[in-house]
Amino acid sequence: MADSVAIVGAGLAGCLLATLLGRRGVPVTVYERREDPRDTPPERGRSINLAISARGLEALDQVGLRELTLSRALPMHGRMVHGRDGQQSFRPYSADGAHAINSISRAELNLVLIEIAARTPGVMMEFGCRLDGLDMATGELAFEAVGHRRGRSRHTARAGIVLAADGAYSAARRSVTFRPGFTFSQDYLQHGYKELTVPSRDGEFALDPDALHIWPRGSSMMIALPNLDRSFTCTLFWTFDEFAALRTAEQVLACFGEQYGDVAGLIPDLADDYLHNPVGSLATIRCWPWVHHGEGCTLALVGDAAHAIVPFYGQGANCAFEDCVEIDLCLSDADGDWTLALAEYQRRRKANCDAIADMALDNFIEMRDRVNSPVFRATTAARHALERRLPGRYVSRYELVSFTTVPYAQIPDRMRRQDRVTALVAAGFVGLGGLAGALAAGGMARRRGR
Ligand SMILES: Cc1cc2nc3c(=O)[nH]c(=O)nc-3n(C[C@H](O)[C@H](O)[C@H](O)COP(=O)(O)OP(=O)(O)OC[C@H]3O[C@@H](n4cnc5c(N)ncnc54)[C@H](O)[C@@H]3O)c2cc1C
């Protein structure tokens, strides 16, 4: 049993990891609580779009999925900021306007990954199995039968290696929560999220599909990402109090008319969707260690189960995919020795995941508020000018996070160094002196969001 491998969760990380392991000849069984999405439609109000960028694409490339993913995604080359007066202003993500992040439905991406995992020799997929207990002493996993399995008796399985890819509220992680030495924190935002849909209008996109749309409103915001069917998925990021304050259709319509006037008329089912779609919560989860040894099995936490982050840099899935590739690399480096490989995996990844967690929290303020400021806009323009004038020497934070695979943990220090050096250099360039001074003074727009 020592080498049998179980993955809990057939989400984004679980499926990519299963595929990578299957390809290296490691048999693996994936247990997923949901029904097989190849047979069932997605849940209402849970169609979250994801922005997949360089890190995610690099990881998907490892299993030959880069092109397929891109073919099911829409590139977004910048942000479209919507003012209260309905004015729109486009801000490219990169200095040359060429780089884009890619909007894809989470359900669609998950389906692609489930399909490839299921086709990989050595990978078994079990749906309708909700893990509700892991005994580290015996390596026994206990499942509640759900969905099509409901009514059947509970079943159990055993594994020597358990890889927990069961998301932010990981059931597998609960089996080690009270172990001495396990540090865990879960910090909730006061904001939750709710999804709405802007359908296509006369068969066309109702908004520019080449942008991630933002309605920054100070303490809260709405964003919208395009879908292949020419609709947009809007996500409201509001405080729970703001959500609770709207209880009737009239209140919803009045609020949207005032705050998001240019889009309210594009959502025909606005009041109904608002009143029925769920409000999700947003948390940053940090824990350590990610790898635990029991007498019966070794447990390793992967993706959101190890490090859930808030979505304001659009990096949670990208980061989870990097974890999977790192495990695969570590297994190669350790000649297949799981103990060595997993120890190295958590050592290499922890600082990177902490860094992106912090950057993601920073960026909420930028997206909901700072993007509106003229100073912010001028500083962003200056940064792009510096990137064009000093290629490779000045690279913005957004560029490093979204369009490179530079380890996240290196980015904050690099930004501090760059801001000091390039401010001095840039002061010599005509037209950039004043703005360079502003950069040196505070690195005021160091935070750049998705
Ligand atoms: C509003 C929002 C917007 C986001 N936007 C982006 C973005 O633009 N870009 C980006 O990169 N990331 C984004 N993310 C983050 C991204 O969705 C997650 O980081 C990513 O899904 C993590 O992948 P995972 O496989 O670790 O977990 P998940 O995708 O959550 O998968 C976990 C899987 O485990 C299953 N499971 C759970 N419990 C059990 C159990 N007890 N037994 C068996 N199976 C179980 C679940 O059903 C699920 O299939 C966003 C997140 C949110 C909430």
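**Exercise 1. Strand S3**

Determine which residues of strand S3 (residues 49-52) are buried on each side, and which strand is joined to S3 by four bridges.

Solution. The model is predicted.
- Step 1: Take one face of S3, where Asn-49 and Ala-51 are both buried.
- Step 2: Take the other face, where Leu-50 and Ile-52 are buried as well, so that S3 is covered on both sides by the criterion of under 20% relative accessible area.
- Step 3: Look for the partner. Strand S7 (residues 101-105) is joined to S3 by four bridges, and the two run antiparallel.
- Step 4: Find a facing residue. Ser-103 in S7 is the residue opposite Ala-51.

**Exercise 2. The seven-stranded sheet**

Give the strand order of the open sheet and state which strands stand at its edges.

Solution.
- Step 1: Write the order, which is S6-S5-S14-S15-S16-S13-S17, with mixed pairing.
- Step 2: Identify the edges. Strand S6 (88-92) and strand S17 (280-288) each have a single partner strand, so each has one side without a neighbour in the sheet.
- Step 3: Add the geometry. From one strand to the next, the twist averages 25 degrees.
- Step 4: Examine one pair inside this order. Strand S14 (residues 211-216) and strand S15 (residues 221-226) run antiparallel and are joined by four bridges. Met-222 in S15 is opposite Trp-215.

**Exercise 3. Nonpolar cores**

Find how many residues the largest nonpolar core has and which element gives the most to it.

Solution.
- Step 1: Count the core, which has 112 residues.
- Step 2: List the residues with the most contacts inside this core: Leu-21, Leu-141, Leu-163 and Trp-338.
- Step 3: Assign the main contributor. Helix H12 gives the most, with twelve residues.
- Step 4: Expand one of the central residues. With neighbours within four places in sequence left aside, Leu-21 is in contact with Val-5, Ile-7, Val-26, Val-28, Leu-163, Leu-331 and Trp-338.
- Step 5: Check for a separate core. Another one, of 26 residues, lies apart from the largest core and includes Leu-196, Ala-206, Phe-243 and Tyr-274.

**Exercise 4. A salt bridge between distant parts of the sequence**

Locate the partners Asp-328 and Arg-24 and decide for each whether it is buried or partly exposed.

Solution.
- Step 1: Test the distance. The closest N and O atoms of Asp-328 and Arg-24 are 2.9 Å apart, and the pair forms a salt bridge.
- Step 2: Place both residues. Asp-328 belongs to helix H11 (residues 316-333) and Arg-24 to the loop between helix H1 (12-23) and strand S2 (28-32), so the bridge ties together parts 304 residues apart in sequence.
- Step 3: Classify Asp-328. Its relative accessible area is 18%, so Asp-328 falls under the 20% limit and is buried.
- Step 4: Classify Arg-24. At 31% relative accessibility, Arg-24 is partly exposed.

**Exercise 5. A salt bridge within a helix**

Describe the bridge between Glu-344 and Arg-348 and name the network that contains both residues.

Solution.
- Step 1: Read the distance, 2.9 Å from N to O.
- Step 2: Place the pair. Both residues lie in helix H12 (residues 338-368), four residues apart, or about one turn of the helix.
- Step 3: Classify the exposure. Glu-344, at 23% relative accessibility, is partly exposed, and so is Arg-348, at 26%.
- Step 4: Extend to shared partners. Salt bridges link Glu-326, Asp-333, Glu-344, Arg-347 and Arg-348 into one network.
- Step 5: Put this in context. The model has 21 salt bridges in total.

Definitions and conventions: Residues are numbered from 1 along each chain as its sequence is written. This is a predicted model: local features need pLDDT of at least 70, side-chain atom pairs count only at pLDDT 80 or more; totals for chains, interfaces and linings use all residues. Side-chain values use heavy atoms; hydrogens and water are left out. A salt bridge is a side-chain nitrogen of Lys or Arg within 4 Å of a carboxyl oxygen of Asp or Glu. Buried means under 20% relative accessible area, exposed over 50%, partly exposed in between (1.4 Å probe, protein chains only). Two strands pair if DSSP finds at least two bridges between them. Axes are lines fitted to C-alpha atoms, for helices over the stretch in contact, and angles run from 0 to 180 degrees between N-to-C directions. A nonpolar core is a set of buried Ala, Val, Leu, Ile, Met, Phe, Trp, Tyr and Cys residues joined through side-chain atoms within 4.5 Å. Contact means heavy atoms within 4.5 Å.
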